[in-house]
Amino acid sequence: MWRGKTEEKYVDVPGGSIYVRVWHPVEPSLSPPIVLLHDSLGCVALWREFPAQLSLSLGRTVVAYDRLGLGRSSERLERPSRRFIDEEAEIVFPSLCASLGLEAVVPFGHSVGGGSIWS
């Protein structure tokens, strides 16, 4: 059962606003937060209870967000380009981290999310 603190917010990034959910453990950790990167058509909601369980078991902050055009984030104004994975890594992810004050993170993704940051 989740006993930590959860917060939801919207963060402005180039192209719109992205929905972000953060799970904070009961005992704050000095370890960098884990940032979950969903698959190509996923969203925060599809992670279900995994972020809370991960935060609880590791005692670390966990962050998940919906990409533009998905979940609770802003609609995309244009279709994703062929470079959308690179653009996520070069533009959106750094904007997200800067907005949240995250200097170091541990990225954790699957499918397209697994290649989003290190492509």
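Q: A strand is a DSSP run of E with at least two residues, and strands are numbered from the N terminus. In this predicted model, which strand contains Ser17?

A: Ser17 belongs to strand E2.

Q: Why is Ser17 called buried?

A: The relative accessible area of Ser17 is 15%. Buried means under 20%, so Ser17 qualifies as buried.

Q: Which residues are in contact with Ser17, leaving aside its neighbours within four places in sequence?

A: Ser17 touches Tyr10, Val11, Asp12, Leu68, Ser73 and Ser74. Each of these counts because heavy atoms lie within 4.5 Å.

Q: What is the order of the elements in the protein chain?

A: From the N terminus on, the chain runs β-β-β-α-β-α-β-α. In number, this amounts to three helices and five strands.

Q: What share of the contacts with a separation of 6 or more is made by residues 24 or more positions apart?

A: That share is 70% in the protein chain. As for burial, 37% of the 119 residues are buried.

Q: Which residues of helix H1 are buried, and how do you know that they lie on the same side?

A: In H1, which spans residues 50–58, the buried residues are Pro51, Ala52, Leu54 and Ser55. They cover an arc of only 165° around the axis, and therefore they sit on the same side of H1. On the other side of H1, Gln53 and Ser57 are exposed.

Q: What covers the buried residues of H1?

A: The cover includes strands E2 (16–24), E3 (34–37) and E4 (62–65).

Q: Which residue follows H1, and what is the sign of its phi?

A: Gly59 follows H1, and its phi is positive, near 65°. A positive phi is also found at Arg48, about 55°, although Arg48 is not a glycine. Arg48 is placed in the loop between E3 and H1.

Q: What makes Arg48 count as exposed?

A: The relative accessibility of Arg48 is 64%. The term exposed requires over 50%, so Arg48 meets the condition.

Q: Why is the pair of Glu8 and Arg72 called a salt bridge?

A: Side chains of opposite charge can pair when their charged atoms come close. For Glu8 and Arg72 the N to O distance is 3.1 Å. The cut-off is within 4 Å, so the pair counts as a salt bridge. The pair links distant parts of the chain, with Glu8 in strand E1 (residues 5–13) and Arg72 in the loop between E4 and helix H2 (84–100), 64 residues apart. The structure holds five salt bridges.

Q: Why are Glu8 and Arg72 classed as partly exposed?

A: The relative accessible area is 46% for Glu8 and 48% for Arg72. Neither value is under 20% or over 50%, so both residues are partly exposed.

Q: How do you know that Arg83 forms a salt bridge with Asp86 and with Glu90?

A: The closest N and O atoms of Arg83 and Asp86 are 3.9 Å apart. For Arg83 and Glu90, the corresponding distance is 3.0 Å. Both distances are within 4 Å, so each pair satisfies the criterion. Arg83, Asp86 and Glu90 are thus linked in a network of salt bridges.

Q: What makes Arg83, Asp86 and Glu90 partly exposed?

A: Relative accessibility is 39% for Arg83, 27% for Asp86 and 48% for Glu90. Partly exposed covers values between the 20% and 50% limits, so the three residues carry that label.

Q: Why is Cys97 called buried?

A: Cys97, found in helix H2, has a relative accessible area of 10%. The limit is under 20%, so Cys97 is buried. Not counting residues up to four places away in sequence, Cys97 touches Leu102 and Val105. The C-alpha atoms of Cys97 and Val11 are separated by 9.9 Å, although the residues are 86 apart along the chain.

Q: What is the volume of the largest pocket, and which residues are closest to its centre?

A: The largest pocket has a volume of about 420 Å³. It is lined by 18 residues, of which Leu68, Arg76, Glu78, Pro80 and Glu87 are the closest to its centre. By class, the lining consists of nine nonpolar, three polar and six charged residues.

Methods. Residues are numbered from 1 along each chain as its sequence is written. This is a predicted model: local features need pLDDT of at least 70, side-chain atom pairs count only at pLDDT 80 or more; totals for chains, interfaces and linings use all residues. Side-chain values use heavy atoms; hydrogens and water are left out. On a 1 Å grid over the protein atoms alone, a cavity is a set of points where a 1.4 Å probe fits but cannot get out, and a pocket is an open set with protein on both sides within 12 Å along at least five of seven lines; lining residues have an atom within 4 Å of a point. Grid points are joined across faces, edges and corners, and a volume is the space filled by probe spheres set on the points. Ala, Val, Leu, Ile, Met, Phe, Trp, Tyr, Cys and Pro count as nonpolar, Asp, Glu, Lys and Arg as charged, and the others, Gly among them, as polar. Buried means under 20% relative accessible area, exposed over 50%, partly exposed in between (1.4 Å probe, protein chains only). Helices (H or I, at least four residues) and strands (E, at least two) are DSSP runs, numbered from the N terminus. The arc is that of the directions from the helix axis to the C-beta atoms. A salt bridge is a side-chain nitrogen of Lys or Arg within 4 Å of a carboxyl oxygen of Asp or Glu.
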